[in-house]
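Student: Could we take a close look at a single part of this protein together? I would like to go slowly and see what surrounds it.

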Amino acid sequence: MNEENGDSYVRAWHLVFGVATGDAMGFPVQFYTREQAKKLNVTGMTAHRSGLYPAGSWSDDTSMTLALADSLCEKDALDYGDIMGRFSDWLGKGRYTPGGRAYDVGRTCFRALMRYHDGVAPLDCGGRAKTDNGNGSLMRISPLVLYLRKKYGVNAFDDGRAFDTVHDVSRLTHAHPIALVGCDIFLAVLLALMNGMPKDAAVNRGIAQVSVFVQKHSEYREAFAAYSRIAGGGFRELSEERISSSGYVVDTLEAALWCFLTTDSYRACILKILELGRDTDSIGAVAGAMAGIHYACSGEKDIPQEWSVVLQGQELLMQTARRLAENY
């Protein structure tokens, strides 16, 4: 461990298992309508309806998160070719999966990896069209917060270089400014939570830091405007009917934040996500990172054990958490 009597392991474990548990809880409910999801009334780990994936199976969200984390632990500096190589190993060889086979890859991620396979430079692979604003970079970028915290300090997002780093890691697959700004907001909030800030204060802090950055970089102002409901703060009070749970990066981030802010435990947060239906695994992965970190840093190790022990690929998850703790 590199600091504070194992606090680094607490952060790393709750980040990795927060993502994987939220993903695995949401994966069997993915693509159900809200009405169908409510009727299912899922309260624990269940097998996927296809019969191909047992209870506790996690999807591309966690696999790509683990691939990024592995690269961050292996290299002294960010190596974008190495990250893309690990993403390619996941897609083509089943690495970073609980069962040795990749599944549930998003369209934009797939196209980016095909470009990389064809020899395109890593930072030029991501989709740049407005239609490329799925949540595929948002759902796998959470380990980067540990790198930023170590490199730029606990106030990393007061440093413009942190934003540049986030944008580069996102644009490996998703290069449109809306996707980049979504990753900014998510990681800025996640860092504030990791520093022990209360939930509402952390969200406000993260949004404020991104707002300051955007005011200095006009090319991101239009993208930031896509998050106006989040930036305005009023989304916390919205009814469920007004929260979209689609795979659009703005919707995913808003739904994750809404579920996180309107519940008081990791369990309640994830169960609220399941009732939304649609892209429940990715929303679960994003909210799971925030809830996992928050409840760990506030002294409540709140990922339900009866969920986490069912997760497939326990050894891989534990190994990743240990390596992150040792390095960050």
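Leaving aside its neighbours within four places in sequence, which residues is N135 in contact with?

Tutor: Happy to! Keep in mind that this is a predicted model. Let's begin with where to look. N135 sits in the loop between α5 and α6, the latter covering residues 144-152. N135 has a relative accessible area of 8%, and because buried means under 20%, N135 counts as buried. Now to your question. Once its neighbours within four places in sequence are set aside, N135 is in contact with S246, G247, V249, T252, D279 and S282.

Let's follow one of those partners, S246. You will find S246 in the loop between α11 (228-232) and α12 (249-261). S246 is buried too, because its relative accessibility is 9%, and buried means under 20%. Seen from the side of S246, and again leaving out neighbours within four places in sequence, the contacts are N135, D251, T252, R278 and D279. So you can read the pairing of N135 and S246 from either end, because contact means heavy atoms within 4.5 Å. T252 and D279 appear among the contacts of N135, and also among those of S246. One partner of S246 deserves an extra glance: the side chains of S246 and D251 are joined by a polar contact of 2.6 Å.

Next, go back to the loop that holds N135 and move on to α6, the helix at its end. α6 is mostly covered, with seven of its nine residues buried. Those buried residues are L144, V145, L146, Y147, L148, R149 and Y152. What do they pack against? Their partners are α1 (7-26), α3 (60-74), α7 (160-171), α8 (177-194) and α16 (314-327). Just after α6 comes G153, with a positive phi near 95 degrees.

For another buried polar residue, try R86. R86 belongs to helix α4, which spans residues 80-93. With a relative accessibility of 8%, R86 counts as buried, because the cut-off for buried is under 20%. The side chain of R86 makes a polar contact of 2.6 Å with that of D82. Why can two residues of a helix like that meet? An α-helix has 3.6 residues a turn, so residues three or four places apart point the same way. Beyond its neighbours within four places in sequence, R86 is in contact with A67, D70, S71, E74, R95 and Y96. R86 and L68 are 18 residues apart in sequence, yet their C-alpha atoms are 7.6 Å apart in space.

Let's finish with the cysteines and a piece of the surface. The model has zero disulfides. C125 is in none, and the nearest cysteine sulfur, that of C109, is 12 Å away. C125 is buried, with a relative accessible area of 0%. As for C297, its sulfur is 15 Å from the closest cysteine sulfur, in C269, which is too far for a bond. C297 is partly exposed, at 31% relative accessible area. Out on the surface, V105, F110 and M114 make a nonpolar patch of about 220 Å². V105 itself lies in the loop between α4 and α5 (107-117), and at 32% relative accessibility V105 counts as partly exposed.

Notes. Residues numbered from 1 in each chain as written. Predicted model: local features only at pLDDT ≥ 70, side-chain atom pairs only at ≥ 80, totals over all residues. Heavy atoms only, no water. Helix = DSSP H or I, 4+ residues; strand = E, 2+ residues; numbered from the N terminus. Buried < 20%, exposed > 50% of the residue type's maximum accessible area, 1.4 Å probe, protein only. Polar contact = N/O pair within 3.5 Å; in protein donor to acceptor, adjacent residues only side chain to side chain. Patch = residues over 30% accessible without salt bridge, like charges linked within 9 Å, V, L, I, M, F, W, Y side chains within 5 Å. Areas by Shrake-Rupley, 256 points an atom, 1.4 Å probe, with all protein chains shown as cover. Salt bridge = Lys/Arg side-chain N within 4 Å of Asp/Glu carboxyl O. Disulfide = S-S within 2.5 Å.
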